[in-house]
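New to this one? Take a look at the model below, and then we'll walk through a few spots worth finding.

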Amino acid sequence: MTDEAGRATIALSLDEAARRAGVAPATLRRWVRDGLVPLAAGGVWTPAAAAQARIVARLRERGHSLAEIRVAGDAGRLAFGYVEELFPAPEEGVTLDQAARETGLEPALVERVLTSLGHGPHELDRIPEEELALLRRAADALDAGFPLVAMLQLVRVYGQAMAQIADAEVRLFHLYVHEPLMRDGVPGLEVAEQMEQLARGLLPIASPMMDQVHRRFLRHFVEQDVIGHMEAAFDGQIGDLGRLRVAIAFADLAGYTRLTEEVGEEEAVDAVERFVGAVELTLPEDARVIKTIGDAVMVVGADAPALVDWAVGFQQLFTERPRPRIGMHSGEALYREGDYYGREVNLAARVAARSGGGEVLVTRPLVEAAGPHLAFERIGEVRLKGFTESTELFLARAADAEQADRRD
C-alpha cells in the first residue's frame, strides 16, 4: 500500500499491531475508537500506528489517563512515534543458545556483547539476523587473535558512543523541530507528517557521515600511536599492560556557580560552550578532550611538554570571564573503554581544584619535562584531599627572555 504522498508503507494485521504495541487487540480497537491512535486511510494498521499505540500503552503504564493522552496526541506531543515507520521491523531471529552455536561463542559472552551494544535483557530472547551478523564478526576477530578483554572494552565503547549519538539526534530533533511545531499550533497529524519527512531526510546522511568521521579519526590516532610508541621506546618508558604514560589536565571555569546565579543558566551554559570549544580548537595534535562534566573538561595527551605549553598559552589567549583554572600532572594511567583511571588521574583533578582563575598548576614531573620558555614558581608541598603524602606544586607561566636563557 502507499500513503497520501505516494510512498510505500506496510499494512499490519490487528494481531501484529497488538503484538508490537504489547496490548490486546480489543484494547487497540478501543483506542482507535476513542481517537488515541489514528489509522491510515481505510482503517489500515501501519508500523507508525503500532508505534503510536505502544507509546499510549507506556503512558498508561505510567498512570496517565486516556483524556491526558488524547490531549497530548491532538497537540502533536506523541508525533515522534510515527518516525518509527522509517526503521525496519525487528525480525523473529534466533534464541540465545542458537546464536551461541552459530557463532561459536559462549552464551554468556553473546549476552555480554549484546548487552554492551545496548540490548536490554528482554531483547535477548530472540536475536535478529542483523545482530547475529555482528556476533559473527566479533567471533572472527577473536579467532584472528584479538584479545577478549580488548574486544569487550571496544564493544562497550561502541555501545556508549552510539547511544550518545542517537540520544543527541532525538533530543536536538525534539528541541529544534518538534517543540517549535507544537508552539506554532500545528495540528497533531501535520506535526507527525513533518517530523517523518525531516527524519527521512536525515537518516540517509547520518551513517555515511559517521563512517567518514570515524575513518578520519582512526587514521589520525593510528599515526599518533605509532609516534608515541617510538618516543616511549627511546625514553625507556614502556608502561605495564593496560596502562599508558600520559599527561592529564583538568580545566574548568572558576566561579561558574556564581556566574549562573548572576546571569542565568542559559548565558552561563553559553559561556561553558565557548570555553569547551576554545579548548578543543587549541589543543596540541596528540591531545584530546576525554570528557566534559558540567563546566569542567578532562584533557589527555602523550606529549607532556606540548600539553603544558598549551595550558600556559590558553590562559594567555582566553580572556573571557570567568577565567579558567587548570591543573596538570603526568604519569601512568589505567586505560579502560576510552577513559583513563587511577591515582595519577585523581591527582591531576586535585591539583586543578587547588588552582585559581587564570592559573596553571603543575606537579614536579611536568616541570622537569617542560622547555626553557616556561617559568615555574614553586608553591610548596601541599596535602591534597584523598592523598596521604604531600604533592609539590608549581605555578606555570611564560618565561621572559632572561629566565629562558638561564634554563638553557
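A residue counts as exposed when its relative accessible area is over 50%, as buried when that value is under 20%, and as partly exposed in between. M209 has a relative accessible area of 52%, so it lands on the exposed side. Keep in mind that you're looking at a predicted model. Here's the tour, topic by topic.

**Surface patches**

- M209 sits in helix 9, which covers residues 188-235.
- M209 also belongs to a nonpolar patch on the surface, together with L202, I205, V213, F217 and F221. Taken together, these residues have about 500 Å² of accessible area.
- There's a patch of negative charge on the surface too, made up of E261, E265, E266, E267, D270 and E273.
- Which helix gives the most to that negative patch? That would be helix 11, with 5 residues.
- D270 is found in helix 11, and its relative accessibility of 36% makes it partly exposed.

**Aromatic rings**

- The model has 5 aromatic pairs.
- One of them is F275 with F318: the ring centres are 5.9 Å apart and the planes are at 70°. Planes over 60 degrees apart count as edge-to-face, so that's the label for this pair.
- F275 and F318 are 43 residues apart, so to speak from distant parts of the chain: F275 is in helix 11 (residues 265-282), while F318 is in the loop between helix 12 (304-317) and strand 4 (324-336).
- Are these two residues buried or exposed? F275 and F318 are both buried.
- F318 pairs with F314 as well, and here the ring centres are 5.3 Å apart with the planes at 15°. Planes under 30 degrees apart count as stacked, so this pair is a stacked one.
- F314 is buried, just as F318 is.
- Add W310, and you have one aromatic cluster of F275, W310, F314 and F318.

**A cis peptide bond**

- Most peptide bonds are trans.
- The bond from R321 to P322 is cis, with omega near 0°.
- P322 is in the loop between helix 12 and strand 4, which is where F318 is found as well.

**Salt bridges**

- How many salt bridges does the structure hold? The count is 16.
- E129 and R136 form one of them, with their closest N and O atoms 2.9 Å apart. E129 is partly exposed at 38% relative accessibility, and R136 is partly exposed at 29%.
- R325 and D252 form another, with 2.7 Å between the closest N and O atoms. R325 lies in strand 4 and D252 in strand 1 (residues 243-253), so this bridge ties together parts that are 73 residues apart in sequence.
- R325 is partly exposed, with a relative accessible area of 23%, whereas D252 counts as buried at 15%.
- E392 and R378 meet through their side chains in a salt bridge of 2.6 Å, N to O. Since E392 lies in strand 8 (residues 391-398) and R378 in strand 7 (residues 374-382), the pair ties together parts that are 14 residues apart in sequence.
- E392 is buried, with a relative accessible area of 16%, but R378 is partly exposed at 46%.
- E392 and R378 also belong to one network with R364 and E381, joined by salt bridges that share partners.

Notes: Residues are numbered from 1 along each chain as its sequence is written. This is a predicted model: local features need pLDDT of at least 70, side-chain atom pairs count only at pLDDT 80 or more; totals for chains, interfaces and linings use all residues. Side-chain values use heavy atoms; hydrogens and water are left out. Rings of Phe, Tyr and Trp (its six-membered ring) pair if their centres lie within 6.5 Å; planes under 30 degrees apart count as stacked, over 60 as edge-to-face and the rest as tilted. Helices (H or I, at least four residues) and strands (E, at least two) are DSSP runs, numbered from the N terminus. Buried means under 20% relative accessible area, exposed over 50%, partly exposed in between (1.4 Å probe, protein chains only). Patches are made of residues with over 30% relative accessible area and no salt bridge: like charges are joined within 9 Å, nonpolar side chains (Val, Leu, Ile, Met, Phe, Trp, Tyr) within 5 Å. Accessible areas come from the Shrake-Rupley method with a 1.4 Å probe; for residues, only the protein chains shown count as cover. A salt bridge is a side-chain nitrogen of Lys or Arg within 4 Å of a carboxyl oxygen of Asp or Glu. Lys and Arg count as positive and Asp and Glu as negative; His and the chain ends are not counted. The place of a charge is taken as NZ of Lys, CZ of Arg, CG of Asp or CD of Glu.
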